[in-house]
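Subject: Handing over the structure, with notes on what was found

Dear colleague,

I am passing this structure on to you, and below it you will find my notes, written so that you can follow them with the model open beside you. Please take your time and look up each residue as it is named.

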Amino acid sequence: MDGQFLAMTVWERLDAWDKWLFIQLNSGYTNSFFDFILPYFRDSVFWAPLYIFILAYITINYGKNGWLWSLGLICTVATIDIIGAKVFKEGFERLRPCQDPLFFQNVRLLLKHCSGSFSFVSNHAANHFGIATFMIITLRPAVGKWIIALYIWATFIAYAQIYVGVHYPLDILAGAGLGTLMGFVYSKVFCRQVGNFTIA
């Protein structure tokens, strides 16, 4: 009983910290530029031309290895989506901050509506950290160290989920961890099958 009480206390403290940090990032540290740009940053449609260009460029120019690379990237995102939705979201059933009847009054929602899915984990964060990790590990030998900047790109997209009011910080951290893990796994499988993947 004491162990259960202690565990609940730790979770309650963590939840309180998570909500406090959410309020700081969502309502405290704001500006008009972020208000304008970050809703676009977290929109998958906004980035769709970039995704299509990368996949098309590599599959058209690098033959079989290009197709395998694209398949690896797609499998990374698909696996993350399934695990995020079926294991975490349905397993934890955590309400989004903009859905929680006990908390939504603290939310500065910058979208037209709040998504109906659960909050933990953030699939946006998971997908983009997965994409970034897969690309960094598979392309860095050919492209160079600058490709690590993809983590900055993924971080801004993940941060945007908090800023617009649809995810808590812990949703983002857990999503980033899930995405990084799956990106690492699939990139290592790809590298084992293909070896050095040279981008001209």
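How many salt bridges does a search of the whole structure find? The search finds six, and before I go through some of them, please keep in mind that this is a predicted model. As general background, side chains of opposite charge can pair when their charged atoms come close.

**Salt bridges around Asp15**

A good place to begin is helix H1, which covers residues 2-28 and holds both Lys19 and Asp15, four residues apart, or about one turn of the helix. The side chains of these two residues form a salt bridge, with a distance of 3.3 Å from N to O. Lys19 counts as partly exposed because its relative accessibility is 21%, whereas Asp15, at 17%, counts as buried; the cut-off between the two classes is 20% relative accessible area.

Asp15 also meets Arg94 in a salt bridge, and here the distance from N to O is 3.1 Å. Since Asp15 belongs to helix H1, while Arg94 sits in the loop between helix H4 (63-92) and helix H5 (123-143), this pair ties together parts that are 79 residues apart in sequence. Are Asp15 and Arg94 buried or exposed? Both of them are buried.

These pairs belong to a wider arrangement, for Asp15, Asp18, Lys19, Arg94 and Asp171 are linked in a network of salt bridges.

**Helix H2 and its surroundings**

Another salt bridge joins the side chains of Asp35 and Arg108, at 3.0 Å from N to O. Asp35 is in helix H2 and Arg108 is in the loop between H4 and H5, so that this pair ties together parts that are 73 residues apart in sequence. Asp35 has a relative accessible area of 28% and is therefore partly exposed, and Arg108, with 22% relative accessibility, also counts as partly exposed.

Which residues of helix H2 are buried? In this helix, which runs over residues 32-41, the buried residues are Ile37, Leu38, Pro39 and Phe41, and what covers them includes helix H3 (44-61) and helix H6 (150-163). At the start of H2, you can also look for Asn31, where a side-chain oxygen reaches to within 3.1 Å of the backbone nitrogen of Phe33.

**The two largest pockets**

The largest pocket holds about 340 Å³ of space. Its lining is made of 15 residues, and those that lie nearest the centre of the pocket are Ile54, Met135, Leu139, Trp146 and Ile147. The elements that each give two or more residues to this lining are H3, H5 and H6, with the largest share, six residues, coming from H3. When the lining of the largest pocket is sorted by residue type, 15 residues are nonpolar, and there are no polar and no charged ones.

The second largest pocket holds about 270 Å³ of space. It is lined by 13 residues, and Tyr51, Val77, Asn127, His128 and Ile131 lie nearest its centre. For this second pocket, the elements that give two or more residues to the lining are H3, H4 and H5. Which element gives the largest share of the lining of the second largest pocket? That share, six residues, comes from H5. The lining of the second largest pocket divides into eight nonpolar residues and five polar ones, with no charged residues.

**Two single residues to look at**

Asn123 lies in helix H5 and counts as buried because its relative accessibility is 13%. If residues up to four places away in sequence are left aside, Asn123 touches Ile80, Asp81, Gly84, Ala85 and Lys89.

Ala16 belongs to helix H1 and, with a relative accessible area of 46%, is partly exposed. How far apart are the C-alpha atoms of Ala16 and Tyr163? They are separated by 18 Å, and the two residues are 147 residues apart along the chain.

With best wishes

How values were computed:
Residues are numbered from 1 along each chain as its sequence is written. This is a predicted model: local features need pLDDT of at least 70, side-chain atom pairs count only at pLDDT 80 or more; totals for chains, interfaces and linings use all residues. Side-chain values use heavy atoms; hydrogens and water are left out. Buried means under 20% relative accessible area, exposed over 50%, partly exposed in between (1.4 Å probe, protein chains only). Contact means heavy atoms within 4.5 Å. A polar contact is a pair of N or O atoms within 3.5 Å; within protein, one must be able to donate a hydrogen and the other to accept it, and residues adjacent in sequence count only if both atoms are side-chain atoms. A salt bridge is a side-chain nitrogen of Lys or Arg within 4 Å of a carboxyl oxygen of Asp or Glu. On a 1 Å grid over the protein atoms alone, a cavity is a set of points where a 1.4 Å probe fits but cannot get out, and a pocket is an open set with protein on both sides within 12 Å along at least five of seven lines; lining residues have an atom within 4 Å of a point. Grid points are joined across faces, edges and corners, and a volume is the space filled by probe spheres set on the points. Ala, Val, Leu, Ile, Met, Phe, Trp, Tyr, Cys and Pro count as nonpolar, Asp, Glu, Lys and Arg as charged, and the others, Gly among them, as polar.
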